[in-house]
Amino acid sequence: MSDAHTLDPQQLRTWLNGAALHDAAAFRSLYDATSAKLFGFALRILGKRELAEEVLQESFVAIWHNAGSYQSHLAAPMTWMTTIVRNKAFDLLRRSDVAAEIDGDPFDAAIMNALHDPAATPIEALELSRDAKALAYCMSALEGLHRQVVGLAFFHDLSHSEVAQQMALPIGTVKTWIRRSLEKLKACLAKGDRP
Amino acid sequence: MNIRDNAPLREKLAAEYVLGTLKGGARRRFDGYLHNDAALRRLVIEWQDRLAPMAEFSTAVQPRKQVWAGIERRLNLGPARAGWLESLNFWRWLGVASTAMAALLVIVIGTRVLDQPQLDYVATLTDAKSQTALVLTGDTQHKALTVRLVGNAPVASDKTLQLWAVPKQGNPRSLGLLADKGEVKLALGSNAIGDDVALLAVSLEPKGGSPDPNGPTGPILYKGAWVRVM
């Protein structure tokens, strides 16, 4: 699958606009292009295929109903859709009392390696959109533990104290790391840094 | 606490709101601020654009086919032509209205064709403005269906008119292609006059007829319903 091609934001926007007009064919194309990526994401959060499938289904039902209110000038299409998937996944976890298994590494191994040592595993080689590559570069510039703390919070809906517990760190440390990491990411993404 | 004038705090809260570490009462308060603060909503969207690509740090996994089937079912998208089926009820409703017109016409035609083949079905098909565009007569004994255009219905040279019987359930059935003026004789089978036929419709199709065997692909120009004469 060539992400650079299928996840072209302009194309996704066109399909979203089609879905807003209740064009079922455009909606199907949108699903075909994005479902594997969104499913992989839901699976990463939830850990169980059945739950991830339920969330993917709910998410696309929501995408269909809300496509009309999607404002293309505000958020990138993938941002909008992944936010829906993430919220639905966290809702399901809260609703069902299912505890998602949290392993230490919030990202898949290939990404972890590339973020850890971009010289050995080039970020370019990963199947990522332009935005995700930029974020990967900036995250690779963070210290390993800081990166892990940010990733844990993002993928598992954890509070500062839950991250602290998970990582066996003082909560003050976690708060500081997260604040600094977010500041660094913002500055790095603004500059378009390539560490 | 007023956060409007505290730019660093707004930035920090927006970032943690998106990351998810802002929880409980603090998150609910922030939700409240978002309501009447467009600039704050803008900050949140910027942070979503920054952090959401982290979602792609997971490997793509193909979901099973039944996921799409479930979405299709829940949204009632149906295979293809949802638009056609959705508007079916509207046509049926209109069909009732044109039935009365057709009944009048039956008397006129019926009295004039005593010596002619047995016409036992009549239908008038009307356009969107309820103007009669076609008159259909059916002769079940001779299995003949005659379609007469009232006036001209100009059709582009690369298009053609196609006549359909729309059943109460299932796919529309093609009865044949029409000329854009004069009269066309078609075979009249049970597919055209069965009890389950709710409506007759004419669609505008590419030359040679609808490429989809299960129904029209173009717009519906005329519609009407059978009236049984005898």
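**Group meeting: two chains and a helix corner**

Okay, let's start with chain B: it has 230 residues, and 33% of them are buried. Keep in mind that this is a predicted model. For secondary structure, chain B gives us 7 helices and 9 strands. And if you take the contacts in chain B with a separation of 6 or more, 59% of them link residues that sit 24 or more positions apart.

Now over to chain A. How many helices and strands does chain A have? The count is 10 helices and 0 strands, and reading along the sequence you just get α-α-α-α-α-α-α-α-α-α. Chain A has 195 residues, with 43% counting as buried. For chain A, 60% of the contacts with a separation of 6 or more are between residues 24 or more positions apart.

So where do the two chains touch? On the chain B side we have 32 residues, in contact with 45 residues of chain A. Which helices of chain B supply at least two residues each to that side? They are H1 (7-19), H3 (38-51) and H4 (65-74). Sort the chain B side by class and you find 18 nonpolar, 7 polar and 7 charged residues.

Next, let's zoom in on one helix of chain A, H8, which covers residues 144-156. I'll take two of its neighbours in turn.

One is H10 of chain A, residues 171-191. The axes of H8(A) and H10(A) come within 9 Å and cross at roughly 90 degrees, which means the two helices are roughly perpendicular to each other. From H8(A), the residues involved are A:His146, A:Val149, A:Val150 and A:Ala153, and they meet A:Val174, A:Trp177, A:Ile178 and A:Ser181 in H10(A). By class that contact has 6 nonpolar residues, 2 polar and no charged.

The other is H9 of chain A, residues 160-167. Here the axes are 10 Å apart, and H8(A) and H9(A) pack at an angle of about 125 degrees. That angle is why H8(A) counts as oblique to H9(A). Is the crossing left-handed or right-handed? For H8(A) and H9(A), it's right-handed. On the H8(A) side, the contact uses A:Val149, A:Leu152 and A:Ala153, and on the H9(A) side A:Val163, A:Gln166 and A:Met167. That comes to 5 nonpolar residues, 1 polar and no charged.

If you look at the structure now, try finding A:Val149 and A:Ala153: both are in the contact with H10(A), and both turn up in the contact with H9(A) too.

Note on methods. Residues numbered from 1 in each chain as written. Chains lettered and ligands numbered in written order. Predicted model: local features only at pLDDT ≥ 70, side-chain atom pairs only at ≥ 80, totals over all residues. Contact = placed C-beta atoms within 7 Å. Helix = DSSP H or I, 4+ residues; strand = E, 2+ residues; numbered from the N terminus. Nonpolar A, V, L, I, M, F, W, Y, C, P; charged D, E, K, R; others polar. Axes fitted to C-alpha atoms, helices over the stretch in contact; angles between N-to-C directions. Parallel < 35°, antiparallel > 145°, perpendicular 65-115°, else oblique. Buried ≥ 20, exposed ≤ 12 C-beta atoms within 10 Å, placed from the backbone. Left-handed = near helix turned anticlockwise from the far one by under 90°.
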